[in-house]
Amino acid sequence: MHTRLAVNGDLPPWAAILACVLVAVSLLVLLVVELRRRERGGPLIVVTGLLALGALLCAVLRPVRIAARESVVGAKVVVLADTSRSMALPESEKTPRGATRDRAITELGARSKDARLAILGFGEGAPAPFAPGKDGPAPSQAPRSDLTSALRAIAASAEERPQAVVVVSDGRLDDPPEGASKEAIQAIVRDLKVPVHTIATTKEAPADASVRRVSAAGAAVAHVPLPLTVEVGCAGGISCDELTVTARELREDGPPALLASGLTHLKDGKGTVDLAVTLERAGARIIEVAITPPSGDTIPENDRRLLTFNVARERVRVLHVAGRPTNDVRALREWLKSDASVDVVAFFILRTQADDPNARQEDLSLIPFPVDELFTEHLPSFDAVVLQDFDAQPYGLERHLPQLARYVRAGGGLIMVGGQNSFVAGGYAGTPLADVLPITMDGSPGATAADVANVVPAWTDEGRSAPLLAPLREVASEELPLMPGANVLGDVRPGGLVLWAHPSRTTRSGAPMPILAIGDQGDGRSIALGIDGAWQLEFSQLGARTSGRGYGALWDGLLGWLMRDPRFESGQLELASPCVANEPARLRVRLPKANQNGESTAWIELRRLDKQDAPPVKVTLPRSVHDDGTAVEVAMPPLAAGGYTARLRLGAGPTTRRDFACESGGDEWADSRPDVERLRAIADATGGAFRDASGDLALPLPKPAVVSAERHVVPVAPPWIWTLAAACALGVHWFARRRSGLS
């Protein structure tokens with residue numbers, strides 16, 4: 001318990017100050033005037049005057065005795081520790097920056113025992129609780145180092161306002177940006193109104209050459225060149241006057257494909273190069289931009305960047321090759337031409353080479369069939385190829401079938417439509433193209449190529465639940481018209497799915513013969529439609545009742561599934577958050593209600609694109625994915641840096657694919673140089689102090705406050721006693737002055 005005297009609390013401070021000033025002036029006058037007098041009674045007048053002034057002052061101030069139990073409370077100081085991935089970069093002797101950060105925070109706590117330190121980690125968004133590691137540095141997993149958001153979150157918080165902020169970082173911040181003005185930094189802490197002290201964990205840049213930034217001019221569109229600007233840099237004393245930069249696409253069907261390369265000349269440790277890459281396939285594509293590292297590079301992880309481009313289609317490019325001008329061919333061509341989103345290139349064979357028209361070849365052909373040019377030079381520019389009732393042998397297509405099969409496995413789409421010159425009758429059995437179709441074909445001598453009996457295809461269980469046939473089911477339910485015959489097809493291949501089957505004919509294995517089957521082939525997809533009577537969906541009695549919408553609904557689903565339209569996928573698969581090497585990844589999975597059959601047959605298969613000899617990783621989906629169809633996040637095991645393809649498999653059918661990249665550090669590792677000057681500028685602009693983690697960490701933190709836990713106020717004497725004492729003292733002083741002859 002501490003006791004002290006104070007002025008009565010009901011007196012305004014200005015009044016107490018004025019009273020003291022008046023008493024002091026009166027005392028000065030009394031001393032100067034009376035002590036100079038030599039007359040009798042001078043000392044008595046001074047003594048009584050002093051007593052009178054003191055009594056009068058006490059009567060005005062009325063002092064009180066305050067007894068209080070007090071405690072000392074340190075000022076609240078928020079310590080913001082950088083938890084971005086740049087703090088995992090190695091320092092000298094392979095010590096990560098995070099270890100220096102934790103050591104600096106521990107030393108700061110030991111030096112600031114009078115302050116209440118609240119240690120928070122900042123990275124992306126609002127700061128979060130942070131604890132320095134005991135056995136090693138605390139985790140550094142934030143994808144960004146956003147100091148601005150952290151400071152504004154503290155200012156907007158309803159908790160006690162700190163009296164100072166201490167930032168411990170390497171200075172490589174995303175916000176405030178590099179080169180921010182003093183006014184811009186002051187605007188960040190305008191609502192906080194406290195000094196921001198900074199501690200730099202790192203002073204020297206490591207010996208490192210890296211791909212610092214890759215920027216694309218616009219969106220990625222299939223078949224259209226995409227300009228890339230690549231910024232590279234060298235630091236830490238590495239000698240690199242020029243660096244070779246390459247851009248490659250990581251593919252599942254083979255080694256990475258070189259898209260572009262260039263040579264950049266560096267000035268002051270920095271250089272840029274412009275590259276143009278062309279991606280032929282839509283969807284998520286992984287591009288690797290890498291440099292050839294110079295000697296002495298100590299951080300090889302940032303020598304390449306792995307970027308995921310979501311390639312869009314300006315229009316779906318379809319190559320339609322038909323052998324005869326049948327009703328089915330005419331219906332498909334009219335539907336393709338009527339869709340503004342489809343760019344169709346069509347070739348029709350109006351006569352065979354066996355015909356004798358009694359005219360010269362050049363007189364009968366306006367445009368010769370450019371089979372060699374189409375299937376060599378221009379084939380990659382098409383998104384899908386439709387072979388309808390086309391015989392491969394007479395027109396020179398047979399020698400291009402291996403190239404067409406490679407096109408499918410590389411990501412292209414193929415639809416083979418039935419007819420008199422299709423499948424076995426077209427000479428495709430036993431060819432490389434047959435290997436990428438979802439069904440087998442019996443090309444042995446005497447094998448039946450077609451069944452000419454009229455047929456109504458039968459729906460399979462898979463066909464009833466397939467999203468790609470949902471538009472047709474909405475139009476015509478499950479009713480199908482009578483169709484003129486079907487091609488004889490074999491069993492479905494592993495990974496394929498039969499959607500329509502022959503109602504009576506079976507394959508050699510005894511299974512119903514497929515009529516409509518789909519399947520994955522490497523990176524691409526293929527469809528086998530073993531009839532040439534689908535036009536009946538438009539012109540039959542069923543077509544009349546449905547206004548002919550059934551034919552378009554069928555082909556909308558087939559072509560949409562071939563192009564991996566999410567509406568027609570058996571499931572949806574996406575990355576829940578950016579993948580970082582050696583950290584658990586999360587994929588978001590959703591199964592359409594049509595695919596929820598209660599079976600635990602769904603799983604995700606992960607394959608690495610840049611190391612194709614690596615074994616695949618299989619992750620079984622939880623039961624909840626099948627139960628309600630809501631999006632479920634599935635944890636993947638920690639993955640090494642590289643490109644990956646994830647396939648969502650539902651039983652033995654086709655898969656839903658998603659490609660993604662895992663990087664070591666990502667943007668936070670792209671530029672390993674610390675930015676000490678930015679930390680110094682933040683401290684200077686906010687009235688804080690800058691310190692180096694390797695030096696003295698004493699900071700000018702606010703002094704602690706004294707808080708009274710219990711307080712008692714007791715008057716020294718009642719007011720009337722002070723008034724009486726003042727009156728008596730003034731009377732004695734007046735009597736002394738009168739006695740000495742003064743008025």
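**A pocket, a long chain and two buried residues**

In this predicted model, the largest pocket has a volume of about 880 Å³. Its lining takes in 42 residues, and the ones that lie nearest the centre of the pocket are M563, R564, D565, P566 and E569. Sorted by class, the lining has 18 charged residues, 15 nonpolar ones and nine polar ones.

Where does the lining of the largest pocket come from? Helix α14 gives the largest share, with five residues. At least two residues each are supplied by α14 (549-562) and by the strands β13 (283-291), β14 (304-311), β24 (524-529), β25 (572-575), β27 (585-590) and β32 (655-663).

Stepping back to the whole chain, there are 34 strands and 18 helices to look at. How does the radius of gyration of the chain stand against that of a compact globule of 743 residues? The chain comes out at 43 Å, while the globule would be near 27 Å. The C-alpha trace spans about 160 × 65 × 50 Å along its principal axes. Even so, 50% of the 743 residues are buried. Contacts also reach far along the sequence: among those with a separation of 6 or more, 75% join residues that are 24 or more positions apart. As for the outside, the accessible surface is about 34900 Å², and carbon and sulfur atoms account for 53% of that.

Two residues give a closer look at the inside. The first to consider is R212, which sits in strand β8 (residues 208-216). Is R212 buried or exposed? R212 counts as buried because its relative accessible area is 10%, and the cut-off for buried is under 20%. Beyond its neighbours within four places in sequence, R212 is in contact with a run of residues from E231 through V232, G233 and C234 to A235, and also with G269, K270, R305, A670, D671 and R673. V167, on the other hand, is 45 residues from R212 along the chain, and the C-alpha atoms of the two are separated by 25 Å.

The other residue is L573, found in strand β25, one of the elements that supply the pocket lining. With a relative accessible area of 8%, L573 is buried too. Which residues does L573 touch, not counting those up to four places away in sequence? The list is L587, R588, V589, I604, A646, R647, L648, T656 and R658. A19 is a very different story in sequence terms: A19 and L573 are 554 residues apart, and their C-alpha atoms are 82 Å apart in space.

Methods
Residues are numbered from 1 along each chain as its sequence is written. This is a predicted model: local features need pLDDT of at least 70, side-chain atom pairs count only at pLDDT 80 or more; totals for chains, interfaces and linings use all residues. Side-chain values use heavy atoms; hydrogens and water are left out. On a 1 Å grid over the protein atoms alone, a cavity is a set of points where a 1.4 Å probe fits but cannot get out, and a pocket is an open set with protein on both sides within 12 Å along at least five of seven lines; lining residues have an atom within 4 Å of a point. Grid points are joined across faces, edges and corners, and a volume is the space filled by probe spheres set on the points. Helices (H or I, at least four residues) and strands (E, at least two) are DSSP runs, numbered from the N terminus. Ala, Val, Leu, Ile, Met, Phe, Trp, Tyr, Cys and Pro count as nonpolar, Asp, Glu, Lys and Arg as charged, and the others, Gly among them, as polar. The radius of gyration is taken over C-alpha atoms; the globule rule is 2.2 Å times the number of residues to the power 0.38. Buried means under 20% relative accessible area, exposed over 50%, partly exposed in between (1.4 Å probe, protein chains only). Contact means heavy atoms within 4.5 Å. Accessible areas come from the Shrake-Rupley method with a 1.4 Å probe; for residues, only the protein chains shown count as cover.
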